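Reader: I am a first-year student, and I would like a close look at one part of this model. Please choose the part, and then show me how the rest fits around it.

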Amino acid sequence: MDGNRRYAKRKLLEEGAGHDAGAMALLNLIIYCYELGVKYITAYAFSIDNFRRKPSEVQKIMDLLKECMTVLAKIAKHHPIKVNFAGNLELLNAELRDEARKLMGATAEYSKFVVTICVCYCCTDDIVHSVEESCREKHYYHSYIGDSHDDDKDNDDKDDERHMIKLVDIEKNMYMAVTPDPDILIRTGDGHRLSNFLQWQTCHSLLASLSTDWPEIGVWHLVKVVLDFQQNYDYFVRKKLQRL
Ligand SMILES: CC(C)=CCC/C(C)=C/CC/C(C)=C/COP(=O)(O)OP(=O)(O)O
């Protein structure tokens with residue numbers, strides 16, 4: 001969701017007003033997706049690197065995160081929306097972390113429409129966290145059965161095999177396991193970088209870079225990228241199937 005500060009500068013507004021408008025644009029986009037029948041939407045709201053920004057800006061984004069949680073909780077009372085927060089939530093303050101967990105718990109049973117907000121997220125951090133988690137699981141398995149006194153080579157090979165960390169382990173243990181890999185990744189603000197967002201999950205995604213700043217994204221931008229995706233649908237499906 002790039003271009004919030006540039007939008008504020010262009011409109012001669014104070015910096016925080018760009019993020020206010022950005023939060024409103026996100027909520028609107030979630031509603032458009034719901035109405036258009038898009039099943040999953042994932043937003044990159046705050047990266048771990050963003051903690052290096054000015055304290056006042058970090059605080060502003062955290063305040064907006066809280067407001068978005070309140071609005072999403074109200075929407076979820078009347079619509080079957082599942083809300084996930086993906087990232088290292090331990091880096092959030094305790095109040096926000098509790099709110100995030102409460103909202104995830106309250107909407108966990110829904111599946112018709114899934115909104116995932118990435119906070120305190122970086123893809124590289126997610127990969128490291130997932131590898132650590134997978135090692136812990138395999139170590140547990142190893143210490144549980146590894147003391148067997150069976151000298152049989154076949155059994156040893158099978159044990160070795162079971163101790164190996166596989167692709168499925170890494171994918172299962174990622175924060176992003178809560179939602180499928182995206183068909184489309186949209187970046188606003190004329191950027192052509194991934195900025196540590198979903199590198200693992202976007203190998204076969206359509207990348208759409210919009211020159212529009214995030215607060216000005218609207219339903220027609222969404223429709224246009226969905227149509228672009230549909231025109232190349234056969235290609236994307238083939239690529240995904242090849243991976244299976
Ligand atoms: C759910 C939630 C917390 C929503 C908050 C609002 C929001 C849109 C946050 C995005 C924050 C962010 C770091 C954007 C990227 O840079 P930039 O847009 O600040 O700067 P740029 O104009 O320099 O690209």
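Author: What follows starts with the whole chain, moves to one group of aromatic rings, and ends at the ligand and a few single residues.

The model is predicted; local features need pLDDT of at least 70, side-chain atom pairs count only at pLDDT 80 or more, and totals for chains, interfaces and linings use all residues. Residues are numbered from 1 along each chain as its sequence is written, and side-chain values use heavy atoms, with hydrogens and water left out.

Take the confidence values first. pLDDT is the predictor's confidence in each residue, from 0 to 100. The chain has a mean pLDDT of 92. In 91% of its residues the value reaches 70 or more. The scores for the model are ipTM 0.97 and pTM 0.91. One caution applies: where pLDDT is low, the predicted coordinates should not be read in detail.

Now the chain as a whole. It has 244 residues, and 39% of them count as buried. The cut-offs come from relative accessible area: buried is under 20%, exposed is over 50%, and partly exposed is in between (1.4 Å probe, protein chains only). The C-alpha atoms fill a box of roughly 75 × 45 × 35 Å, taken along the principal axes. There are nine helices and five strands. Both are DSSP runs, numbered from the N terminus: helices are H or I with at least four residues, strands are E with at least two. Read from the N terminus, the order is α-α-β-α-β-α-β-α-α-α-β-β-α-α.

Here is the part I chose: the rings. The structure holds six aromatic pairs. Rings of Phe, Tyr and Trp (its six-membered ring) pair if their centres lie within 6.5 Å; planes under 30 degrees apart are stacked, over 60 edge-to-face, and the rest tilted. A pair of aromatic rings is described by the distance of the centres and the angle of the planes.

Start with Tyr44 and Tyr121. Their pair is edge-to-face, at 5.8 Å centre to centre and with 85° between the planes. Tyr44 sits in strand E1 (residues 40-47) and Tyr121 in strand E3 (residues 113-121), so this pair ties together parts that are 77 residues apart in sequence. Tyr121 is buried, at 0% relative accessibility. Tyr44 is buried too, with a relative accessible area of 17%.

Tyr44 has another partner, Phe197. That pair is stacked: the centres are 4.3 Å apart and the planes meet at 10°. It links distant parts of the chain, 153 residues apart, with Tyr44 in strand E1 and Phe197 in the loop between strand E4 (184-187) and strand E5 (206-209). Phe197 is buried, at 9% relative accessible area. Put the rings together, and Tyr44, Tyr121 and Phe197 form one aromatic cluster.

That loop has another detail. Ser195 also lies between E4 and E5. Its phi is positive, about 50°, although it is not a glycine. Ser195 counts as partly exposed, at 34% relative accessibility.

Leu12 has a positive phi as well, about 55°, and it is not a glycine either. Leu12 is in the loop between H1 and H2. At 78% relative accessibility, Leu12 is exposed.

Next, the ligand. Of the 19 residues around it, Gly3, Asn4, Arg6, His19 and Arg53 come nearest. A residue is near if one of its heavy atoms lies within 4 Å. By class, this shell has nine nonpolar, five polar and five charged residues. Ala, Val, Leu, Ile, Met, Phe, Trp, Tyr, Cys and Pro count as nonpolar, Asp, Glu, Lys and Arg as charged, and the others, Gly among them, as polar.

Several polar contacts (pairs of N or O atoms within 3.5 Å) reach oxygen atoms of the ligand. A side-chain N or O atom of Asp2 is 3.1 Å from one. For Arg5, a backbone N or O atom lies at 3.0 Å. For His19, a polar side-chain atom lies at 2.9 Å. Taken alone, the ligand exposes 630 Å², and the protein buries 94% of that. These areas come from the Shrake-Rupley method with a 1.4 Å probe. Helix H1 (4-10), helix H2 (15-36) and helix H3 (55-78) are the elements that give two or more residues to the shell. H3 gives the most, with five.

Technical notes:
A polar contact is a pair of N or O atoms within 3.5 Å; within protein, one must be able to donate a hydrogen and the other to accept it, and residues adjacent in sequence count only if both atoms are side-chain atoms.
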